[in-house]
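This briefing goes through one protein chain by topic. Please keep the sequence and the model in view while reading.

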Amino acid sequence: MTRGVSPDTARLTLPLDTSLLWQLPQQAAYTASSGRAHLSARMAQGKDGQPPALVIEANCDSLQQLCLLYEQENRQVNALNRQMQNALQTASGQRPDGVRKRTVQAGALLAVLLVMGLAAMLYALRKLEMKKQ
């Protein structure tokens, strides 16, 4: 299942008269936002004799929100998948590993107790037969 990202567009219109940009104080910028879209334009002072530069930065957080949504849906689907697998195993007579291990242990213990009980009964029967003779 895919979902489209709704478009957000931020527009920033600056006149070609560059004196506006030159008049910006240090670290100041022209900015524009629309929904999740953000845009800024600022002048950066040149370094080592380089001329100043116009820096334009844009970002949009919609993809991050979409990723978080998909991660949450993925966790939910995985949990449902595990529940369905356990239900299928139970319905088909298979048990999840922990239940299977406990069942085998209980069966082994029951077998040992049965053998011990039969041995005790045989011992008691022999003792009775010996008394009768």
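The secondary structure of the protein chain, in this predicted model, amounts to 3 helices and 3 strands. Along the sequence these elements follow the pattern α-β-β-β-α-α. The bullets below take the chain as a whole, then the sheet, then single residues and a surface patch.

**Chain as a whole**

- The protein chain has 133 residues, and 9% of them count as buried.
- About 11,400 Å² of the protein chain is exposed, and carbon and sulfur atoms supply 59% of that area.
- Among contacts in the protein chain with a separation of 6 or more, 35% come from residues 24 or more positions apart.

**The sheet**

- The 3 strands form an open sheet in the order 1-2-3, and their pairing is antiparallel.
- Strand 1 (30-34) and strand 3 (53-60) are the edge strands, since each of them pairs on one side only.
- On average, neighbouring strands of this sheet are turned by 10° against each other, with direction ignored.
- In general, the strands of a sheet pair through backbone hydrogen bonds, in a parallel or an antiparallel sense.

**Strand 1 with strand 2**

- The antiparallel pairing of strand 1 with strand 2 runs over 5 bridges.
- Three of the residue pairs can be named: Ser34 has Ala37 of strand 2 as its bridge partner, Thr31 stands opposite Ser40 of strand 2, and Tyr30 has Ala41 of strand 2 as its bridge partner.
- The two strands make a hairpin with 2 residues between them. Gly35 lies in the turn and has a positive phi of about 65°.

**Strand 2 with strand 3**

- Strand 2 and strand 3 are paired in the antiparallel sense over 8 bridges.
- One of the pairs joins Ala44 to its bridge partner Ala53 in strand 3.
- The loop between strand 2 and strand 3 holds Asp48. Asp48 is not a glycine, yet its phi is positive, at about 50°.
- Is Asp48 buried or exposed? Asp48 has 80% relative accessibility and therefore counts as exposed, the cut-off for that class being over 50%.

**Ser40 and Tyr30**

- Ser40 belongs to strand 2 (residues 37-44).
- Ser40 has a relative accessible area of 16%, so it is classed as buried; the limit for that class is under 20%.
- Which residues is Ser40 in contact with, leaving aside its neighbours within four places in sequence? They are Leu12, Ala29, Tyr30, Thr31, Val55, Ile56 and Glu57. Of these, Thr31 is also the residue that stands opposite Ser40.
- Tyr30, which is in that list of contacts, is found in strand 1.
- Tyr30 counts as partly exposed because its relative accessibility is 25%, a value that falls between the limits of under 20% for buried and over 50% for exposed.
- Tyr30 and Thr13 are 17 residues apart along the chain, and 9.3 Å separates their C-alpha atoms.

**A nonpolar patch on the surface**

- Leu109, Val112, Leu113 and Met116 make a nonpolar surface patch of about 400 Å².
- Where is Met116 placed? Met116 is in helix 3 (residues 97-132).
- Met116 has a relative accessible area of 53% and is therefore exposed, as the class requires over 50%.

**Points to check in the model**

- In the sheet, look for the antiparallel order 1-2-3, with strand 1 and strand 3 at the edges.
- For positive phi values, look at Gly35 in the hairpin turn and at Asp48.
- For the accessibility classes, look at buried Ser40, partly exposed Tyr30 and exposed Met116.

Terms used
Residues numbered from 1 in each chain as written. Predicted model: local features only at pLDDT ≥ 70, side-chain atom pairs only at ≥ 80, totals over all residues. Heavy atoms only, no water. Patch = residues over 30% accessible without salt bridge, like charges linked within 9 Å, V, L, I, M, F, W, Y side chains within 5 Å. Areas by Shrake-Rupley, 256 points an atom, 1.4 Å probe, with all protein chains shown as cover. Salt bridge = Lys/Arg side-chain N within 4 Å of Asp/Glu carboxyl O. Helix = DSSP H or I, 4+ residues; strand = E, 2+ residues; numbered from the N terminus. Buried < 20%, exposed > 50% of the residue type's maximum accessible area, 1.4 Å probe, protein only. Contact = heavy atoms within 4.5 Å. Pairing = 2+ DSSP bridges. Axes fitted to C-alpha atoms, helices over the stretch in contact; angles between N-to-C directions.
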